[in-house]
Amino acid sequence: MSINHITTPLDSAILDSKEHYIFYHKMVDFVFKELIVAVQRNNILNNDELNMFKQYCDLLLYSIEAMRVKYMYDEEDNMKVDLTESGFPNYLEFRYLFNDLELRDEYLGKLTPIKTLQEEFLDTLLRKKEPIKRSKLFQAASIVYYSSVNKRFIFNRFVQGKIVNAPKDSGADLLTSWSFYDVASNRPFVCFMYFNYDGNRINDDKEEIYEVLKHTADRKMNLDTMAYGIDRKLEKVSPKLLKRIDLGPLHNMFAKDENELTHTILEGISKKEIPVEAYALSFKIAEVKSKSEFKEGSFFNKQILQRWDDVFTQKYVFAPHRIIQLLYNKTPKLMNELAEPPIEMSNLKIEKIKK
């Protein structure tokens, strides 16, 4: 395990209250659903990439919803969120979900039976005319969590997609995708690889391909370094294009970093120029293409490898209209560096939270 895989609670922060967590969960859910629509509407990804991207976003949203249910009435513990250059849950939270669900039968056996809990709720509400205690609500939330959350749909540190035929105009025969949660930056990434295959049946080698991707392309690194590592370890695979999406940071009222976009939004909120629900999402696509091939190795053991072009990166910002206006006024230089003008998303409206 490399040093980049070491994650500690110091990489995160606890929000101030349960109300903040409710606010945060609504924001993340809203932003990701808006993002999928905006990416599709602006043709940022082709149809094949978009379908894969949607699937990874769904896994991420499912996991964050599971965290919401898990911590809903828990007075002793809180979900950790990385508030610096991320805006997403700390990677450890995903590990906690896996660990919990590994022991789901054991936990369910210790919880109060559903029928008993229902009778207690009815007695408290109808006969005693009293509100339900938070400890009892936490028991109910725990039952929902352990009985309904499926471990297969939790966003893992590495999620492998299938190998499919590449689009006809892509310059490659096959396409695969994968996603990883970078534990150093606490941000999700989605990758696509277009490649040719020099073999009889791709199914004969797909497990090896998946294994190499899992151990070679599971963290943020220079994209050409990632491409060379994959190419060198897979003799029958000739990567032609690697594309990587960097999701985040999510700039919002909770962020505590020095990012210029974050600072602009926080300043706007503090001056009441924009609402507390204000947000912006940074979105970067890096890609590297093969420009030629060369042979490496001895006379009897030569391997054809790709010679990679320079990495090409495009930056995007997604935000509501009012936030876009603010960013143009305060950060014109950053806006001019984008691949296209900031892409508009809907306003988020949430009831006021307790300070």
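Select Y316 to begin: this residue is buried, with a relative accessible area of 6%, where buried means under 20% relative accessible area, exposed over 50% and partly exposed in between (1.4 Å probe, protein chains only). The model is a predicted one, in which local features need pLDDT of at least 70, side-chain atom pairs count only at pLDDT 80 or more, and totals for chains, interfaces and linings use all residues. Residues are numbered from 1 along each chain as its sequence is written, and side-chain values use heavy atoms, with hydrogens and water left out.

**Stop 1: the aromatic pair**

Add F283 to the selection. The ring centres of F283 and Y316 are 6.1 Å apart and the ring planes stand at 75°, so the pair is edge-to-face. The rings considered are those of Phe, Tyr and Trp (its six-membered ring), which pair if their centres lie within 6.5 Å; planes under 30 degrees apart count as stacked, over 60 as edge-to-face and the rest as tilted. This pair links distant parts of the chain, since F283 belongs to strand β7 (residues 280-298) and Y316 to strand β9 (residues 312-319), 33 residues apart. Helices (H or I, at least four residues) and strands (E, at least two) are DSSP runs, numbered from the N terminus. F283 counts as buried, at 0% relative accessibility.

Which residues form one aromatic cluster with F283 and Y316? Extend the selection to F53 and F318, which complete the cluster of F53, F283, Y316 and F318. A search of the whole structure finds 13 aromatic pairs.

**Stop 2: helix α2**

Show helix α2 (residues 47-71) and pick L50 within it. L50 is buried, with a relative accessible area of 4%. Not counting residues up to four places away in sequence, L50 touches I36, V39, Q40 and L45, contact meaning heavy atoms within 4.5 Å. For a distance across the model, draw a line from L50 to N99: the two C-alpha atoms are 31 Å apart in space, and the residues are 49 apart in sequence.

Next select Y56, which also lies in helix α2. Y56 counts as buried at 5% relative accessibility. Which residues does Y56 contact, leaving aside its neighbours within four places in sequence? The partners to display are F155, V159, Q160, G161, S177, W178, S179 and V190. A second line, from the C-alpha atom of Y56 to that of L137, covers 31 Å between residues 81 apart along the chain.

**Stop 3: S86 and its contacts**

Move to S86, in the loop between β2 (80-81) and α3 (91-102). Is S86 buried or exposed? At 1% relative accessibility, S86 counts as buried. Its contacts, neighbours within four places in sequence aside, are S185, N186, R187, P249 and L250. Two of these partners, N186 and P249, deserve a separate selection.

N186 is in the loop between β4 (174-182) and β5 (187-197). Its phi is near 55°, a positive value in a residue other than glycine. N186 is buried, with a relative accessible area of 0%.

P249 has its place in strand β6 (residues 237-251). Select G248 as well: a cis peptide bond joins G248 and P249, with omega at about 5°.

**Stop 4: K272**

Go to the loop between α9 (260-270) and β7, where K272 lies. K272 is not a glycine, yet it has a positive phi of about 60°. At 75% relative accessibility, K272 counts as exposed.

**Stop 5: helix α10**

Select helix α10 (residues 321-330) and colour its buried residues, I323, I324, L326 and L327. They cover an arc of only 160° around the axis, which puts them on the same side of α10; the arc is that of the directions from the helix axis to the C-beta atoms. An α-helix has 3.6 residues a turn, so residues three or four places apart point the same way.

**Final view: the whole chain**

Zoom out to the full chain, whose secondary structure comes to eleven helices and ten strands. The C-alpha trace spans about 85 × 55 × 35 Å along its principal axes. Of the 355 residues, 50% count as buried. Among contacts with a separation of 6 or more, 70% are between residues 24 or more positions apart.
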